[in-house]
Amino acid sequence: MVIKVYNTLTHKMEVFEPFNPPIIRLYVCGPTVYDYTHVGHARTYVAFDAIKRFLKLKGFETVHAQNITDIDDKIIDRANKEGVSWRDIAEIYTNDYLEALEKLRIEVDFSPKATQHVDEMIDFISKLIEAGFAYESHGSVYFNVDKFLEYGKLSRRTKGEEWRQEEQFMREKRKPYDFVLWKKAKPGEPYWESPWGPGRPGWHIECSVMSCFYLGTKIDIHGGGTDLIFPHHENEIAQSEARYGVKPWVKYWLHTGFLTIKGEKMSKSLGNIIPLKDVFKEHKPEVLRLMLVLTHYRSTIDFSYELLEQYERIYDRLRSCVDLLIRIAHKENLNFKISNQDLKIAERIDEFLLGFIKSMEDDFNGAKAAPYLHDLISISYTSIIPSGKAELALRALNAFKRMNQVLAVLDDVFHTKGFEREFVDKLVKIVIDVRHMHRARGDYEVADKIRELLASLGIKVMDSKDGSTWSYV
Ligand code: AMP
Ligand code: ZN
């Protein structure tokens, strides 16, 4: 089946055909590290990780680079405010970002920092000046937008609109829409030596340079949030196509919808961020990941803890379901005698897996894929688990495993060894017996507390006059 993808460049749904299949080169714009990584960032990074994982499931090989902007005005401002060095600020928030990626199971092959590639940026800018696409002025260098005739092709803006006309820049720039490639250092600011004097790179140049350094000059997918379409990605196209002479430099431009809070974009500059480190104190990273993957990457998500708690329930149900299926599948009662009724269930399992995959083929539509996951959970609870049949459990597990190649929220369940599961079962049995002793003595307060604590681990205790039984919720 073909994969279809919405390309911001053409404003159309297109058949996905990478430059050099089966390799896919993916570049995602990462953070400027001057504050904690927040839920809005997670929205974009998880979306591209899920897209990449789906492409792998489809048999592609992927190379994924995601940059870290570790030198920028905002980093310098924060360092000045706090009276520390800009390198310290960058380091603190880079570590926070990398930890968040790990917790969210986002696997990036290359995480280059802008400061590691200043030499390549200077070289890139020099080549642009030689080719007449850039000019030096007052110790800074600007891109000459008029020279790049296709400027505006991504954002569809014309040169009359919303251009920054700050006075200082207007003294230096030939046209209001020219953008900076190299910034002359102000007194006291960090700087690197360059042919144009001491300064530092502008923001856009780093992505053109680092994407090429790690992925070459033909990139299949370049992504980021919708906020980056203009000016960041527009400028990246101008610089890269001018420098490398390749068109298109990037084949598919993909942009994620915003994560908002009370209807407003979550962003550091608006001061409404919820840092991931705070979310993860109370909620598992897998729950947030599940919520983000099961939403279409282009739609807006209005974040709330209530929404997250809905996914907490889905996640618990999913985990318990897979755990129960694994217990059944490990029973040694495989006889491969499948009845007609079983065959129907097996067919439905296949349908759900296919539905999930087809939905992802349709512009990586996680929201469309979600009902198939829910159906698989439901059929497991209503028909497979009660039947206790290992054959069906195995079949359902196979479908869950495939879905989890994209979801990446069940790895620990699948990796738990049989003997660990048995060990946990024995421990739970001891706790239940101790509780039973308390009940027999009429000590209901302790018994209720134990039940409550077990429930918080997803273990449900049912009392009857013959004793207590338990199950994973
Ligand atoms: P920043 O740290 O603001 O430079 O953002 C880093 C990446 O996260 C970029 O790809 C942004 O587009 C994306 N991003 C930041 N905030 C949000 C948000 N509220 N919703 C979706 N993506 C975001
Ligand atoms: Zn970028």
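Tutor: Contact means heavy atoms within 4.5 Å. This is a predicted model: local features need pLDDT of at least 70, side-chain atom pairs count only at pLDDT 80 or more, and totals for chains, interfaces and linings use all residues. Residues are numbered from 1 along each chain as its sequence is written, chains are lettered from A and ligands numbered from 1 in the order written, and side-chain values use heavy atoms, without hydrogens or water.

Student: Which residues coordinate the zinc ion (ligand 2)?

Tutor: Donors are N, O and S atoms within 2.8 Å of the metal (3.2 Å for Na, K and Ca); water is not among the atoms, so sites may look incomplete. The spacing along the chain is C-x177-C-x24-H. At 2.0 to 2.2 Å, the donors are Cys29 (SG), Cys207 (SG) and His232 (NE2).

Student: How many residues apart in sequence are the parts tied together by Cys207 and His232?

Tutor: Helices (H or I, at least four residues) and strands (E, at least two) are DSSP runs, numbered from the N terminus. Cys207 sits in α6 (residues 203–215) and His232 in α7 (residues 229–244), so the pair links parts whose separation is 25 residues.

Student: Are Cys207 and His232 buried or exposed?

Tutor: The cut-offs are under 20% relative accessible area for buried, over 50% for exposed, partly exposed in between (1.4 Å probe, protein chains only). Both Cys207 and His232 are buried.

Student: Which strands stand at the edges of the open sheet?

Tutor: Strands pair if DSSP finds at least two bridges between them. The antiparallel order is β5-β6-β7-β8. One side of each edge strand has no neighbour in the sheet, because each has a single partner: these are β5 (134–137) and β8 (199–201).

Student: At what angle does helix α4 run to β7?

Tutor: Axes are lines fitted to C-alpha atoms, for helices over the stretch in contact; angles run from 0 to 180 degrees between N-to-C directions. Helix α4 (residues 118–130) lies across β5, β6, β7 (179–184) and β8. Its angle to β7 is about 125 degrees.
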